[in-house]
Amino acid sequence: MANDGAHGNFYSGVGLDRADLLRRDAAWVAARQADPNSRLVLVWRNRNLIVRADTVAPVWVRVAEASVLLGDRSAPVFLGRDGETAVFALDLSDLEEADAQSLTGEHGLFEDLRAVGPLLSRRDGAILAYARGLVYWHQRHRYCGVCGSPTESIQAGHVRRCGNGACGAEHFPRTDPAVIMLVHDEERCVLGRQKAWPAGMHSTLAGFVEPGETLEEAVAREVYEEVGLEVTRVTYQSSQPWPFPSSIMLGFRAACRHGPLRLSTDEIDAAAWYSRQQVRESPEDESFRLPRRDSIARRLIVDWLAEG
Ligand SMILES: [Zn+2]
């Protein structure tokens with residue numbers, strides 16, 4: 001198995017200057033939106049426009065070529081600057097698929113980033129994940145959570161403000177923290193699976209952080225709930241944007257004393273202790289396979305394997 005832990009996690013490393021101060025300046029944003037050299041990343045119903053040729057890559061559309069796309073559609077969302085070039089995400093979800101496809105010309109298909117992520121350059125994957133996550137947030141925050149009035153996008157798409165002047169609440173893009181942890185003792189780790197997962201896939205445990213708990217407490221709670229083990233030490237490893245649809249995965253190791261597992265049948269279909277040798281010899285088939293190559297779960301497992 002290739003040690004793919006030497007790089008940053010997939011979907012990290014956007015590498016754009018987010019220009020937080022400039023994007024508050026409506027005149028500056030309008031000039032970038034009108035600049036023929038500015039580029040658009042297209043998103044249609046949580047899918048990104050991908051072209052498969054010698055390599056797999058996003059389709060970048062220059063504003064000069066995009067008048068038909070922009071039309072009277074709501075303003076694109078500013079992602080950042082790549083050198084002097086502004087990069088925006090444009091949501092085409094109001095169109096039927098065939099119309100969205102035909103407007104973009106002959107190039108590419110709208111694909112689920114999860115299907116192509118590992119085939120993209122790391123940076124392209126990160127930018128598409130960022131675009132998808134931010135567009136999803138806009139779709140889900142069209143109405144004010146305080147008073148129910150329609151909201152409008154301001155600050156180049158990094159704030160939505162309630163249109164009801166008496167309310168005026170501002171809503172900011174959100175990302176939901178989830179903890180994901182490799183449970184281990186001295187020799188073995190715990191991998192489990194959920195019924196909905198692809199056949200044979202075994203992975204680390206994970207769960208959402210709840211209000212009123214620290215990340216370490218969330219790790220300990222989830223481990224106890226899912227497999228009945230008491231965690232003795234929690235160590236942070238790394239994190240990963242995971243906009244499927246709106247999470248950031250916070251990766252940990254959770255040391256436990258070895259003991260029998262007591263599975264939560266609600267959440268876990270199967271789980272067991274595995275030695276490093278068993279994991280290394282994973283047949284990668286429908287009887288047993290490791291999680292997807294673009295996941296932090298895979299990274300947590302691979303890094304642990306490399307130490308023993
Ligand atoms: Zn409101």
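**Notebook: a zinc site, a small sheet and some aromatic rings**

**Entry 1. The loop between β8 and β9**

I began with Ala156, which counts as buried at 12% relative accessibility; the cut-off for that word is under 20%. I note at the outset that the model is predicted. Ala156 belongs to the loop between β8 and β9. I then looked up its backbone angle and found a phi near 60 degrees, a positive value in a residue other than glycine.

Gln155 is in the loop between β8 and β9 as well. Its phi is also positive, at about 50 degrees, although Gln155 is not a glycine. I recorded these two angles because most residues other than glycine have a negative phi. Is Gln155 buried or exposed? It is partly exposed, with a relative accessibility of 25%.

The two strands and their loop make up a hairpin, with four residues between the strands.

**Entry 2. The sheet of three strands**

I next traced the sheet to which this hairpin belongs. In general, strands of a sheet pair through backbone hydrogen bonds, in a parallel or an antiparallel manner. Here the sheet is open, its three strands follow the order β8-β9-β10, and the pairing is antiparallel. Strands β8 (151-154) and β10 (170-171) are at the edges; each has a single partner strand, so one side of each lacks a neighbour in the sheet.

How many bridges join β8 to β9? There are four, and the two strands run antiparallel. I looked up one position on this side: Ser153 stands opposite Arg160 in β9.

Strand β9 covers residues 159-162 and is joined to β10 by two bridges, again with antiparallel strands. I wrote down the partners in β10: Arg160 is bridged to His171, and Arg161 is bridged to Glu170. Arg160 therefore appears in my notes on both sides of β9, facing Ser153 and His171 in accordance with the pairing of strands by bridges.

**Entry 3. The zinc ion**

Which protein atoms are the donors of the zinc ion? They are the SG atoms of Cys144, Cys147, Cys162 and Cys167, at 2.3 to 2.4 Å from the ion. Along the sequence the donor residues follow the spacing C-x2-C-x14-C-x4-C. Cys147 and Cys162 link distant parts of the chain: Cys147 is in the loop between α5 and β8, Cys162 is in strand β9, and 15 residues separate them.

I then checked the geometry. Ideal angles for four tetrahedral donors at a metal are 109.5 degrees. The angles subtended by the four donor atoms around the zinc ion are 96 to 117 degrees, which makes the arrangement tetrahedral. The rule asks that all angles lie between 85 and 135 degrees.

I also compared the surroundings of two donors. Cys147 is partly exposed, at 36% relative accessible area, whereas Cys162 is buried, at 4%.

**Entry 4. Helix α5**

Helix α5 (residues 122-140) has 19 residues, and at 1.5 Å a residue they should span 27 Å; the end C-alpha atoms are 27 Å apart, which agrees. Of the 19 residues, 15 are buried, so α5 is largely enclosed by the rest of the structure.

**Entry 5. Aromatic rings and a cis bond**

I found a count of nine aromatic pairs. One of them is formed by Trp242 and Phe244, which are edge-to-face, with 4.6 Å from centre to centre and 85 degrees between the planes. Trp242 is buried at 16% relative accessibility, and Phe244 is buried at 12%. Both rings belong to one aromatic cluster with Phe10 and Tyr11.

Phe244 drew my attention again in the backbone. The peptide bond from Phe244 to Pro245 is cis, with omega near 10 degrees. Most peptide bonds are trans. Pro245 is in the loop between β14 (231-242) and β15 (247-256).

**Entry 6. Charges over rings, and Glu286**

I looked up two arginines placed over tryptophan rings. The charged end of Arg39 is over the ring of Trp60, 4.5 Å from its centre. Arg276 is over the face of Trp304, 4.1 Å from the ring centre.

My last item was Glu286, in the loop between α7 (276-280) and α8 (296-305). It is exposed, with a relative accessible area of 62%. Glu286 and Pro198 are 88 residues apart in sequence, and their C-alpha atoms are 8.2 Å apart in space.

Definitions and conventions. Residues numbered from 1 in each chain as written. Predicted model: local features only at pLDDT ≥ 70, side-chain atom pairs only at ≥ 80, totals over all residues. Heavy atoms only, no water. Expected span 1.5 Å × (residues − 1). Buried < 20%, exposed > 50% of the residue type's maximum accessible area, 1.4 Å probe, protein only. Donors = N, O, S within 2.8 Å, 3.2 Å for Na, K, Ca; no water. Tetrahedral: all angles 85-135°; square planar, octahedral: opposite > 155°, others 65-115°. Phe/Tyr/Trp six-rings, centres within 6.5 Å; stacked < 30°, edge-to-face > 60°. Lys NZ or Arg CZ within 6 Å of the ring centre and 35° of its normal.
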